[in-house]
Amino acid sequence: MSGGSSSKAGEVPTRSQSEANRKLKYISLAVLVVQNASLILSIRYVRTLPGDRFFTTSAVVMAEVLKVATCLLIVLLQKRCALKETLWFLLDSVILQYQDTLKLAVPSLIYTLQNNLQYVAISNLPAATFQVTYQLKILTTALFSVLMLRKSLSRVQWVSLLLLFAGVAIVQVQQEGKKEAAVADASNQNYMVGLVAVVISCLSSGFAGVYFERILKGSSASVWMRNVQLGIFGTALGLLGMWWNDGAAVAERGFLFGYTGMVWCVIFNQAFGGLLVAVVVKYADNILKGFATSFSIIVSTVMSVYLFGFHVDLLFTAGAGLVIGAVYMYSLPKAPGGLPCPEPSSSSASVEPPRAGRGGEMEAFLPKCSGKEKGS
């Protein structure tokens, strides 16, 4: 039995399979670039339009509902559309094993807070500035991985984190000089509020991502079932936050007040963006994901120039360039000796997929060489 499985594992993929995987790899990465850039730009757009504004707390709740519905559909398909079997499976996973479900309360609370803070940050920061600054989540995730999971970083990764911090600092220095002009142009925006929101969001992203990684490694539950458990808490906590912050206004104007076609696009984009990361992890690798993230920063910056009149100067270009280079350097797989190792093949990326549905925060934090040790 074991011999048969080993021979199957050692089979060389056919040319058609390899070609299909290659196409899926680059298609998923291209879609990820578009999703990353379009989410930031579209949120910025709908939050700066004149007129009635939708409640961001209700948008967070709606995104959670869509994520849960999508993951339930995937679980149903995995059970070959056996509705009764699926219901018993959900009952056992969510209710009967309630202690296991309760473990997801902490990351769910943090993710809900993070999603709300993302709206606050993008509403008060230029899209390109947010996109660059938000890459600090790589730094916080790495630090929490070292502290909580006792992981080690290569010298290249430590250097990349220093470059990342330097690049973000340069961008903030550049934006500080333009802050007064930005306030004059949009009196309803507060740069400092946006900056604090994105920093807290990065900290919460790092902690929640590492915490969730520990839960995934200590359980046999699928990532889709984990998303259902997270979504249940996320929806409940999102409703609580909506009641606390906008309860009276929502009761007066309605849950869907201010929703337009563009707002629905933002919600769908946010809901299914994280699910896309699971596809990227399955068919791509960390180097190409680094390229996708870096390229999405470039796309966001270019589009911000045309859509919002964002001005790119030498200082911003230098800072963004450092961030883009740092993202790529950090995504390089780590060899046993601490040096970057060759890019693994897409067929070897059979690691457990990340937590989908949170803007991609549960990515492979500290990539390892294929065949040496299992990636995160």
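Ile200 sits in helix α10, which covers residues 191-217. In this predicted model, its C-alpha atom is separated by 7.9 Å from that of Leu117, although the two positions lie 83 residues apart along the chain. Ile200 counts as partly exposed because its relative accessibility is 37%. Leu117 falls within the range of helix α6, residues 105-124, so let us turn to that helix next.

Helix α6 has 20 residues, and from its first C-alpha to its last it reaches 29 Å, close to the 28 Å expected at 1.5 Å a residue. Most of this helix is covered, with 15 of its 20 residues buried. For comparison with the chain as a whole, buried residues make up 51% of the 376 residues.

Stepping back, you will find 14 helices and zero strands in the protein chain. Reading along the sequence therefore gives one α after another: α-α-α-α-α-α-α-α-α-α-α-α-α-α. The UniProt record, in an unreviewed entry, places the feature "transmembrane region" at several stretches, including residues 26-46, 58-77, 153-171, 191-212, 224-244 and 288-308. Two of these can be checked directly against the model. Residues 58-77 are 100% helix and 0% strand, with their end C-alpha atoms 29 Å apart. Residues 224-244 are likewise 100% helix and 0% strand, and their end C-alpha atoms also lie 29 Å apart.

Another contact between distant stretches of sequence involves helix α9, where Ile170 is found. The C-alpha atoms of Ile170 and Leu315 are separated by 6.8 Å, with the two residues 145 apart along the chain. At 25% relative accessibility, Ile170 counts as partly exposed.

Now for the aromatic rings. How many aromatic pairs does the count come to? The count is 10 aromatic pairs. One of them joins Phe55 and Phe257, whose ring centres are 5.8 Å apart and whose planes make an angle of 40°, a tilted arrangement. This pair links distant parts of the chain, 202 residues apart: Phe55 is in the loop between α2 (15-48) and α3 (56-78), and Phe257 is in the loop between α11 (223-253) and α12 (261-283). Are these two rings on buried or exposed residues? Phe55 counts as buried because its relative accessibility is 9%, and Phe257 is buried too, with a relative accessible area of 17%. Elsewhere among the aromatic residues, Phe54, Tyr119, Tyr259, Trp264, Phe268 and Phe272 form one aromatic cluster. Tyr119 brings us back to helix α6, since its number falls within residues 105-124.

Charged side chains offer a shorter story. Side chains of opposite charge can pair when their charged atoms come close. In this model the count comes to one salt bridge. It is formed by Glu64 and Lys67, with the closest N and O atoms 3.6 Å apart. Why are these partners about one helical turn from each other? Glu64 and Lys67 are three residues apart in helix α3, which means a separation of about one helical turn. Both partners are covered: Glu64 counts as buried because its relative accessibility is 1%, and Lys67 is buried with a relative accessible area of 5%.

The backbone has a couple of points worth a look as well. Most residues other than glycine have a negative phi. Cys81, in contrast, has a positive phi near 60°. Cys81 is placed in the loop between α3 and α4 (83-96), and it counts as exposed because its relative accessibility is 52%. Arg150 also has a positive phi, near 55°. Arg150 lies in the loop between α8 (136-149) and α9 (155-185), and with a relative accessible area of 68% it is exposed.

Finally, have a look at the surface. Which residues make the nonpolar surface patch of about 740 Å²? Phe295, Ile298, Val302, Met303, Val305, Tyr306, Leu307 and Val312 make it together. Among them, Val305 is found in helix α13, residues 286-308. Val305 counts as partly exposed because its relative accessibility is 33%, and that value passes the patch requirement of over 30% relative accessible area. In the UniProt record, the "transmembrane region" feature at residues 288-308 takes in the position of Val305.

Conventions:
Residues numbered from 1 in each chain as written. Predicted model: local features only at pLDDT ≥ 70, side-chain atom pairs only at ≥ 80, totals over all residues. Heavy atoms only, no water. Patch = residues over 30% accessible without salt bridge, like charges linked within 9 Å, V, L, I, M, F, W, Y side chains within 5 Å. Areas by Shrake-Rupley, 256 points an atom, 1.4 Å probe, with all protein chains shown as cover. Salt bridge = Lys/Arg side-chain N within 4 Å of Asp/Glu carboxyl O. Helix = DSSP H or I, 4+ residues; strand = E, 2+ residues; numbered from the N terminus. Buried < 20%, exposed > 50% of the residue type's maximum accessible area, 1.4 Å probe, protein only. UniProt positions renumbered as here; feature names shortened; annotations may be inferred. Expected span 1.5 Å × (residues − 1). Phe/Tyr/Trp six-rings, centres within 6.5 Å; stacked < 30°, edge-to-face > 60°.
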